[in-house]
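Colleague: I am new to this structure and would like to go through it slowly with you, starting from the picture itself.

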Amino acid sequence: QVQLVESGGGLVQAGGSLRLSCAASGIIFRINAMGWYRQAPGKQRELVADISREGTTNYGDSVKGRFTISRDNAKNTVYLQMNSLKPEDTAVYYCNADVVSPVRGGSLWGQGTQVTVSS
């Protein structure tokens, strides 16, 4: 079974920082793009940031300059460093990965991790 497991969410005050991690496990040949999305209550899921296997990054407008996405291909892991957090960053954050696997491939999602920013 191939799965994505997120960690690092929690409660933080406005202006603080958190680092999210997402590790893919199972029989994996290759992971192409990886990314982070978020969904706040009553809102649609939106792109936070994504990163190609080669390291090309893309950010949502609301997080540019505050968040940094990175990955470790050897560990099949993607990270999201979140600085200068704002209450409007409060959401469930989901990891996504385009996985090449003989067992379970395609666009896979993690279970989500809650990030809450207090004012």
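**A buried charge and its sheet**

Modeller: E6 is buried (under 20% relative accessible area with a 1.4 Å probe, protein chains only), yet E6 has no salt bridge, the nearest side chain of opposite charge being R45, 7.8 Å away. A salt bridge here is a side-chain nitrogen of Lys or Arg within 4 Å of a carboxyl oxygen of Asp or Glu, and Lys and Arg count as positive, Asp and Glu as negative, with His and the chain ends not counted. This is a predicted model, in which local features need pLDDT of at least 70 and side-chain atom pairs count only at pLDDT 80 or more, while totals for chains, interfaces and linings use all residues. Residues are numbered from 1 along each chain as its sequence is written, and side-chain values use heavy atoms, with hydrogens and water left out.

Colleague: Which backbone nitrogen does the side chain of E6 reach at 2.7 Å?

Modeller: A polar atom of the E6 side chain lies 3.0 Å from the backbone nitrogen of Q111. At 2.7 Å, the E6 side chain reaches the backbone nitrogen of G112.

Colleague: In which strand is E6 found, and what is the order of the open sheet of 4 strands?

Modeller: E6 is found in β1, where a strand is a DSSP run of E with at least two residues, numbered from the N terminus. Two strands pair if DSSP finds at least two bridges between them, and the edge strands, β1 (3-7) and β7 (67-72), each pair on one side only. With antiparallel pairing, the order of the open sheet is β1-β3-β8-β7.

Colleague: Over how many bridges do β7 and β8 pair?

Modeller: Within this pair, T68 stands opposite Q81 in β8. Strand β8 covers residues 77-82, and its antiparallel pairing with β7 runs over 6 bridges.

How values were computed
Buried means under 20% relative accessible area, exposed over 50%, partly exposed in between (1.4 Å probe, protein chains only). A polar contact is a pair of N or O atoms within 3.5 Å; within protein, one must be able to donate a hydrogen and the other to accept it, and residues adjacent in sequence count only if both atoms are side-chain atoms.
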